[in-house]
Amino acid sequence: MVAFTKLMLWIHKVLGTLLSILFLVWFLSGLVMIYHSFPQVNQYDRLKKMDPLRPEGLPSIESVIARLPEGETIRSLTLDSYMGVPCFHIQGKQGSYDLPADSSQTWPVTPDFNRIATHWVAAPIARVDTLYQLEQWIPFGRLKQEFPIYKYYFDDEEQHQLYLSSKSGKVLQRTDQKSRFWAWIGAIPHWIYFTSLRQDAKLWSQVVIWLSGMGCLMCLAGGYLAIRDLRLARRRGKGLTPYKKFWYKWHHLAGTLFGLFVLTFAFSGMMSLANVQDFGITPKLSFKPQERLRKMAPSLDAYQVDYREAIAAYPGETRQLTWEAFGPYPIYALASERMGKGHWVDASANKVSPLNLTEEQVRRVIEEVHGTEHEIQIEWLDHYDTYYLPKKYRASLPVWKVTIDDADDSTYYIHPKRGTSRYMGTPARWQHWAYTALHSLNFRVLTERPWLWHTVMWILMLGGTFVSLSGVYLAIRCVIRWVKKIGKK
C-alpha cells in the first residue's frame, strides 16, 4: 500500500508539474468559449450573401439532369444564387457538378475577387496578399488545395480580414479585430489551434487525446491522494486537511471539492476527438439504420410539385433550395437568411403545402428500416428528454419519438415539419455521456434553464481554475527544488 501511495504521489507530482499550466489555460479559455468561439463563415453567413431565388427563368429539373454524364446517379441536389448566378450543385456517385441555371454558362464563372470581397465586407480594400502557406485563421490542412489564397485587408474600424479561394472565389474565412482577440484567449489555446499543429488533423487529434489522457491519470492520482489526506487529517484531529501552508492546503481542499469535475473535463475533452467505438462499444445491429434510411430516398420523379412552384409560394424568402427526403417521402427544404427559419414542403402533394409527417408515415418508414419483428413505440414529444436537448434553436419541438425494442434500443427523434431525424443507438448514447453531457453539461435540468446552466458552469470552471492555479504554484516550487538539487550535485 505504501508503494502504491508513493507511485500515485510521483504520478501526480510529475504530471501536475508538466500539465498544470495547460489545465489553467484550458479552464480560463473555456470560460471565454462559453461566449466566443473560433471565427468561421457558417451556413447562415453564406445564406445572407446569396440572392433570393426567383422562379422566373429557371429551367426544368429534367433539363438540368440531362446535362449530367450518362448513367450518373444523384446523391444530393441543391440550388442557390450567388453574385447573380443561379446554380445547381449536384453530388453524384461519380463526382460533383456545379451547373449554372443558364446552360450557356460554365462553372466556375470567372470570379471577380474584388467584387466578392466588397460584397462580404462593405469597406474600402486596404491591400491584398497572396498566400501559399496556411495562417492562424485558416489552419486546416484541407485548405491547401485552395492555394493560392487571397487575403484581403479592409480599411474599416473593425479591421476586417477576408480569405478567398483563388480556384472558385469561395469565402474561406472572415475575421475582425474583436473575433481575433477573443479567439486568441479562447478557442486557440483551448483547442490548441496553432497552425503548425492543426494543419495535420491526425497529429493534432493525437496530441489532444494524449494530453487529455495524461491529465486524466494526473486527476485519478490526485483523487486518491485527496482521499488519503482527508483520512489522515481526521485521524490526527486536524479537520479537513493535514496541510498548514496556504497553497498546499487550498490545493488539497479545492482538489477534493472540484477534482471530480476536473477529471470529467479532461476525460470528456479527450472524448471530443476519440470515439467510444475505439473502446469496444460498438453497435449490436448488423446494419446501419441511418444509412438504410438514406437509401430509401426516392428518385426525382417522386417530386410531384415543381420546385419553381415551391419557390414562388414564398416570394423573396428562399435563399437556397435542397431536394431532401424522409425515407421514400420527398421534401423541398427552402432555407431563409434568418437563422433557424425556413420552409419544408411536401413534394409528393399535388400542390405546395407544408410538410407534416403523420404517425402512420413515420411507422411505415421505421418498419421498412427495422422490420416488423420488433415492437415499435411512437410518441408525440413536446418536451426535451435526455438524448434530445435544445441546441441553438428551441423550434426543434415537437418531434415524433420512436423507440424500437431491438439489440441497440434504437431511438429516433423525427421532426414532423422538417423531415429531419436523429438516431440514437448504443454507441451514440455512450458518446453523449462521455463527451457532450460531461464537457458541455448537456443535462436536461440545466439546458432547459440557461440561467442555471451558466451558474453551474461558472462555479465549476472557477473551481477548476483555482485547482489549476494552485497546481501551477506548487509545480513552480517543485521545479525550483529540483533545480537546486541538481545544482548541489
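Reader: Why is strand β12 (residues 399-404) called largely enclosed by the rest of the structure?

Author: In this predicted model, 5 of the 6 residues of β12 are buried, so the strand is largely enclosed by the rest of the structure. Buried here means under 20% relative accessible area.

Reader: What makes β11 (residues 376-381) a paired neighbour of β12?

Author: Pairing requires at least two bridges between two strands. β11 and β12 have 6 bridges, in the antiparallel sense, so the criterion is met. Within this pair, Gln-377 stands opposite Thr-403 of β12.

Reader: How do you know that β12 also pairs with β13 (residues 411-414)?

Author: β12 and β13 are joined over 4 bridges, again antiparallel, and at least two are needed. One of the bridge partnerships is that of Val-402 with Tyr-412 in β13. The two strands form a hairpin with 6 residues between them, and in the turn Asp-409 has a positive phi of about 45°.

Reader: Asp-408 lies in the loop between β12 and β13; why is it said to have no salt bridge?

Author: A salt bridge requires a side-chain nitrogen of Lys or Arg within 4 Å of a carboxyl oxygen. The nearest side chain of opposite charge, that of Lys-284, is 4.6 Å away from the buried Asp-408, so the cut-off is not met.

Reader: What makes the approach of Asp-408 to Thr-426 a polar contact?

Author: Their side chains are 2.6 Å apart, and the limit is 3.5 Å. In addition, the backbone nitrogen of Lys-284 lies 2.9 Å from a polar side-chain atom of Asp-408. Residues touched by Asp-408 include Pro-283, Leu-285, Tyr-423 and Arg-429.

Technical notes
Residues numbered from 1 in each chain as written. Predicted model: local features only at pLDDT ≥ 70, side-chain atom pairs only at ≥ 80, totals over all residues. Heavy atoms only, no water. Buried < 20%, exposed > 50% of the residue type's maximum accessible area, 1.4 Å probe, protein only. Lys, Arg positive; Asp, Glu negative; His and termini not counted. Polar contact = N/O pair within 3.5 Å; in protein donor to acceptor, adjacent residues only side chain to side chain. Contact = heavy atoms within 4.5 Å. Lists of a residue's contacts leave out its neighbours within four places in sequence.
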